[in-house]
Amino acid sequence: MELRATDGTLSLQGRVLGYDGRYLRLETAQGEITLDYAKVSCIGATCPDPDAFVDLLRFSGTGRLGGLILPAMVEGYARAHGLIATRVEETLSTFRYDLTDSDGTAIARLSFRLTTTEDGFADLFAHEADVVMAAREISPAEAEVARDAGMGQLNAPARVRILAFDALVPLVSPANPIDEIALEDLARAYAGEVTNWQALGGPDQPIELHLGNPNTGLAQGFVQNVLEATGRELSADVVQHPGDQAVVAAVLAAPNALGITSFETIGNADALPLSGPCGLRTRAGLTEVRTGDYPLTMPLFLYLPVRRLGPVAQDFIDWLNTADAQLILKRIGVPGQNAVPIPISEQGDRLAAAIGAAGDEVGLAALQRMIDAMEGHDRLTPTFRFGAGQSGLDPASRAHVRSVAQAIRDGQYAGQDLLLLGFSDGRGPASTNQRLSAARAETVRSAIVSVLGGTLPEGLTLRTVALGEALPMGCDDTVWGRQMNRRVELWAPSAPF
């Protein structure tokens, strides 16, 4: 196609990359160009017709988002806006939603390609997708490709949305007597260092290992967070399957099997809690995944283009952060970003662990101070953690900052006394850890206030309390345990009965 400026000063040829109802994106020999379509004349069969414009938004990537979550969101968005959402199956891996108003006028089309996180990024780079559905963070290599393709910083905070949370869960057959597994042992098994259940306290049987498609974000996340984090590689003996359902089926068929699957596809297999050498253990429950207290929690990401989206497309993306959208996640049983209160009466195991871990460094006075700070408040599920070896917040925590700030802006906590309780791991002197926990809590407070424009609403307080190593969530003699312990928790006044 060819574009000519109405004043005759410009003539361009190229391929249409997108049209949002006002601006046209064109791939030319000089690179990607965006022009006001009203100020040019277009010649060619691919020229868009402004009078027949339908907003288009193309998603590509992991089926964890595209299979259940986003379709439920599209249908919820349509209901909330008085639209009709019609699902049209195209192939085994592609479908679309046509959004129309009550008169049958086409408003928007949202298309989905269910593939892998890796292929989702490839589709974005090839201009075949607008939004990547990802079950892991973008890799440094992918971020570099995006920059080289003129797409800017794809991992910049404004380009990344965390829609929901999943988790990596180790599974065994109900016939297997093993009832927990240490993360270190999980890594040793999948690296081929441990090959018999007897070494893990089980029967004298070989361990049969199963994992999903190696190109999926979940499998890549397992390799990165469990194996590569400890300097290991995936054993060549691991049986890899096309999907999680196949992993679950293989585990159920073999009492000596060990599999890794997602939180939502455990099925009838037994999910093993993760344990540590100090005796602490964590199961993959809805609350533990929401809070990130389960060590193998994995956010589900949307990566957005730097360019403008059409008005309906942008409105849908913005709507995903609303309370209505989060209620849909709750209804379908998916851990979302909404702040769910956890009364202190439901945290007995955590408090018992704190008492059990108390000693010379953390005595009765420190525990009493912690309980005094918590009294009259409930823990909220957003929990802020820091990147391994970094002082900055990790991606999930940056998303929590935006979510909490938005809730404050919307008046959800008007007039309340919110607390940010800072915690540390137990390595080093207690006095040093106390200072570190104070600094972490202040980092989170500053980030929230910054998103709010530098000030808090009148009548609302956001206090920080440094509690050091008083409430361990994991064992300090493991890298995963220390990561769980270095955190900031959000607490809000308990609702009146």
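How many bridges join strand β18 to β19, and do the two run parallel or antiparallel? In this predicted model, β18, which spans residues 274–275, is joined to β19 by two bridges, and the strands run antiparallel. Within this pairing, S275 is found opposite R281 of β19.

The two strands belong to an open sheet of three strands, arranged in the order β13-β18-β19 and with mixed pairing. The edges of this sheet are taken by β13 (181–182) and β19 (281–282); each has a single partner strand, so one side of each is left without a neighbour in the sheet. As a helpful reminder, strands of a sheet pair through backbone hydrogen bonds, in either a parallel or an antiparallel manner.

Further along the chain, attention turns to strand β23. This strand covers residues 417–423 and is mostly covered, with six of its seven residues buried. Pairing of β23 with strand β24 (residues 461–466) is parallel and involves six bridges. One of the facing positions here is L419, which stands opposite R463 in β24. To pass from β23 to β24, the chain goes through helix α13 (residues 430–451), and the resulting β-α-β crossover is right-handed.

Strand β23 also pairs with strand β25 (residues 487–493), this time in the antiparallel sense and over five bridges. Here L421 of β23 lies opposite E489 in β25. Strand β23 thus offers a handy reference for following this region in the structure: it has a parallel pairing with β24 and an antiparallel pairing with β25.

Note on methods. Residues are numbered from 1 along each chain as its sequence is written. This is a predicted model: local features need pLDDT of at least 70, side-chain atom pairs count only at pLDDT 80 or more; totals for chains, interfaces and linings use all residues. Side-chain values use heavy atoms; hydrogens and water are left out. Two strands pair if DSSP finds at least two bridges between them. Helices (H or I, at least four residues) and strands (E, at least two) are DSSP runs, numbered from the N terminus. Buried means under 20% relative accessible area, exposed over 50%, partly exposed in between (1.4 Å probe, protein chains only). A crossover is right-handed if, with the strands pointing away from the viewer, the path from the first strand over the helix to the second runs clockwise.
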